[in-house]
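Trainee: I have the model open and want to work through it piece by piece. Let's start with the charged side chains.

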Amino acid sequence: MTPAQKIIYTCPMHPEVQQDHPGNCPKCGMTLVLKTPTAGPDAEENAELHDMTRRFWIGAALTLPVLVLAMAHLIPALARQAWVDSHALRWTQFALTTPVVWWAGWPFFHRGWRSIVTRHLNMFTLIAIGVGAAFMFSAAAMLMPDLFPPTMQHEGKVAIYFEAAAVIVVLVLLGQVLELRARSRTGSAIKALLNLVPPTARQVAPGGDNEVPLDQVKVGDWLRVVPGDRVPVDGAVVEGHSSVEESMVTGESLPVEKTVGDNVTGGTVNGPGSFVMRAERVGSDTLLGQIVNVVAEAQRSRAPIQGLADKVAGIFVPAVLAVSVITFVVWMWLGPEPKLAHAIVNAVAVLIIACPCALGLATPMSIMVGVGRGAQEGVLVKNAEALERLEKVTTLVVDKTGTLTEGKPKLMDVLPTGGFDAKEFLRLAASLEQNSEHPLAAAIVQGAKEQGIVFEAVKDFRSVTAGGVLGTIAGRTVIIGKPDFLRHEQITGLEPLEASAVKLQEEGKTAIFVAIDGKPAGILAVADPIKSTTPEAIRELHALGLQLVMLTGDNRRTAAAVARQLGLETVEAEIEPAEKVAQVKKLRAERKHVAMAGDGINDAPALSEAEVGIAMGTGTDVAIQSAGITLVRGDLRGIAKAIRLSRATMRNIRQNLFFAFLYNALGIPVAAGVLYPFFGLLLSPIIAGAAMSLSSVSVVSNALRLRNVSL
């Protein structure tokens, strides 16, 4: 858990249940877990695991002799011994079973009773009723045999089932222990992220460095990072220099040089140098804190597919109780002697085998593991619904700048005309563009700086959205922008420049037109390099069966050139940000399942309109408000990983639900005794208890397979 974060406990099966202290879920009885895992082992979770383990081993030690004594009459060497059916043996079973049921199994009775009081019937309702019925019947049969009809008595004794009650408790405890151990591993991805942050930081003080707990670091503190240390929080270097391994953020293993003024991210690894940093984001505000919060929230969210399980679970327990009662009545009415014993045993078997725990765990366990697995690969899932929707996506809409390309345009060509000097031409253009916030303007300014050009002041600066800029520099009027913008400003004779621009655009460059003193003055060519990972990502996405559509505000020829290089089949160019929403709506109207990938800022409306919005993070800037999926590393290959993760997770959920439904569909009729008239087979409550426990463990174990899925 990140420092200063509020502690909240929630239910793995019912995330709407939240409180500030540990306890049990009032709906299903499961132990509440921390909403956000801690960096180390969870004390509450370990306490429950320790308690359940202790109850299991003591219960098992007491149950083993009960089982041996109860089964003695089936062993030929012992069957004729007088003590096999003696009162002493029955009392021994009673004495050993009592602590197993009422101490080792007490948590189940406590939760079962609470489920009845709160009217949220659950798996513990069935366990408590089933085990309680088996024990109370056996106790009554031993202590008050005269209450039972003669047909149930053999030499004045009535059959007892202490071994069934004891073994069921021990098997359920075993299931709880195995489930708790497996469930603790579902949060391993978040814990691994949290463990990237050191527990302490070296705080710079006048008298020397002080080592302080991380949660005591405040914004503005100066911290020293020595060779080999992990950076404790997000901040900026104020002294010294080093190289920092930032694979957590960028996915690249090569260290990045850091000097005064550069940003550093908490959790990254310092190299051979030493530096002092100023803390700028601490606790849950750090990049790592944001990632952990997003992932933890997503792990507790509900996928739409879970609605099916919820509807079934809502009527399941009352239905099972009804089936158990019907089983009891039918065996009392039609069953062989001893009718009451058969009726109770089969009714208990129905209650025990029908526990809906596996059904309830099927979806949330897969979501928890899947979302955590994605976080390890830099794929942040905002909620389970986004993960489910992503599986169905057939069309991916991508923005060009910052998604397919670096998002850092560079000045490539300076082409003055009409006798203008190249250096003077660039000086005037860059002086004007320094007042603009457009990325292309920044590229021109940076290119001029690299050539040592000194800028001049601008008067009467004006910027026209999607058009260009104009102003006066040293008495000269300068206009920069698209041809239509220049024509609107009464500039004529642009045809020769437009002809020259065609070749530049076919090379994937953006041509920017310049007019000085009312006459065409030349072209500035700017290019935004394609990310080195983009071609591979495009191939992976095509292999996954996706249709790709590129939307860009750039010139059609430039967009077409980029599309040719990448093998994109559909391009929509010269699109304003507001028009991207219409394009997404159009694709959805064609019954396509659309995902949109953009930078998460100016693409926010289109990201929201798509079935799944995918924000391309830029390392320390994680834009998640408008997107269901955020790629921390800004790498388009992350989309392919996200789709593979979605498909694997949904496949895992369907497997879990199928086996949970199949288990109950087959188990309940067998427990009720439908095979008895045909094959003489009855399902012992002991076998039912083992099957119930193993079903829950199998669901969690299947979900854990997602930790190793290849993305």
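Mentor: Begin with R637, then.

Trainee: How exposed is R637, and what is its relative accessible area?

Mentor: First, the ground rules: this is a predicted model, where local features need pLDDT of at least 70, side-chain atom pairs count only at pLDDT 80 or more, and totals for chains, interfaces and linings use all residues. Residues are numbered from 1 along each chain as its sequence is written, and side-chain values use heavy atoms, without hydrogens and water. Buried means under 20% relative accessible area, exposed over 50%, and partly exposed in between (1.4 Å probe, protein chains only). R637 is partly exposed, because its relative accessible area is 24%.

Trainee: Which side chain meets that of R637 in a salt bridge?

Mentor: A salt bridge needs a side-chain nitrogen of Lys or Arg within 4 Å of a carboxyl oxygen of Asp or Glu. For R637 the N to O distance is 2.7 Å. The partner counts as buried, because its relative accessibility is 16%. The partner is D635.

Trainee: Is E246 buried or exposed?

Mentor: E246 shares a salt bridge with K258, at 3.0 Å from N to O. The two are 12 residues apart, with K258 in strand 10 and E246 in the loop between strand 9 and helix 8. K258 has 9% relative accessibility, so K258 counts as buried. E246 also has a relative accessible area of 9%, so E246 is buried.

Trainee: How many residues apart are E377 and K641?

Mentor: Their side chains meet in a salt bridge, 3.0 Å from N to O. E377 sits in the loop between helix 12 and strand 14, and K641 in helix 23. Helices (H or I, at least four residues) and strands (E, at least two) are DSSP runs, numbered from the N terminus. The pair links distant parts of the chain, with a separation of 264 residues.

Trainee: How many salt bridges does the structure hold?

Mentor: We have covered three pairs: R637 with D635, K258 with E246, and E377 with K641. They belong to the full count, which is 28.

Trainee: Now the sheets. Which strands stand at the edges of the open sheet of 7 strands?

Mentor: Two strands pair if DSSP finds at least two bridges between them. The order in this sheet is 14-26-25-24-15-22-23, with mixed pairing. An edge strand has a single partner, so one side of it is left without a neighbour in the sheet. The edges are strand 14 and strand 23.

Trainee: Which residue in strand 22 is the bridge partner of L396?

Mentor: Strand 15 pairs with strand 22 in the parallel sense over 5 bridges. On another front, strand 15 pairs with strand 24, also parallel, over 4 bridges, and there T395 stands opposite V594. The partner of L396 in strand 22 is L548.

Trainee: Which residues of strand 15 point the other way from T395, V397 and D399?

Mentor: Strand 15 is mostly covered, with 5 of its 5 residues buried. T395, V397 and D399 share one direction, and they are buried. The other way point L396 and V398.

Trainee: Why is strand 25 described as largely enclosed?

Mentor: Both faces are covered: V612, I614 and M616 lie on one side, G613 and A615 on the other. Strand 25 runs parallel to strand 24, joined by 4 bridges, and pairs in the parallel sense with strand 26 over 3 bridges. Strand 25 is largely enclosed by the rest of the structure because the number of its 5 residues that are buried is 5.

Trainee: In the open sheet of 6 strands, what is the sense of the pairing?

Mentor: The order is 16-21-20-19-18-17. Strand 16 and strand 17 are the edge strands, each pairing on one side only. Strand 17 is joined to strand 18 by 4 bridges, with R462 opposite L470. The pairing in this sheet is antiparallel.

Trainee: How far apart are the end C-alpha atoms of helix 25?

Mentor: Helix 25 has 14 of its 20 residues buried. The expected span is 1.5 Å times one less than the number of residues, so 28 Å is predicted for helix 25. The model agrees, with the end C-alpha atoms apart by 29 Å.
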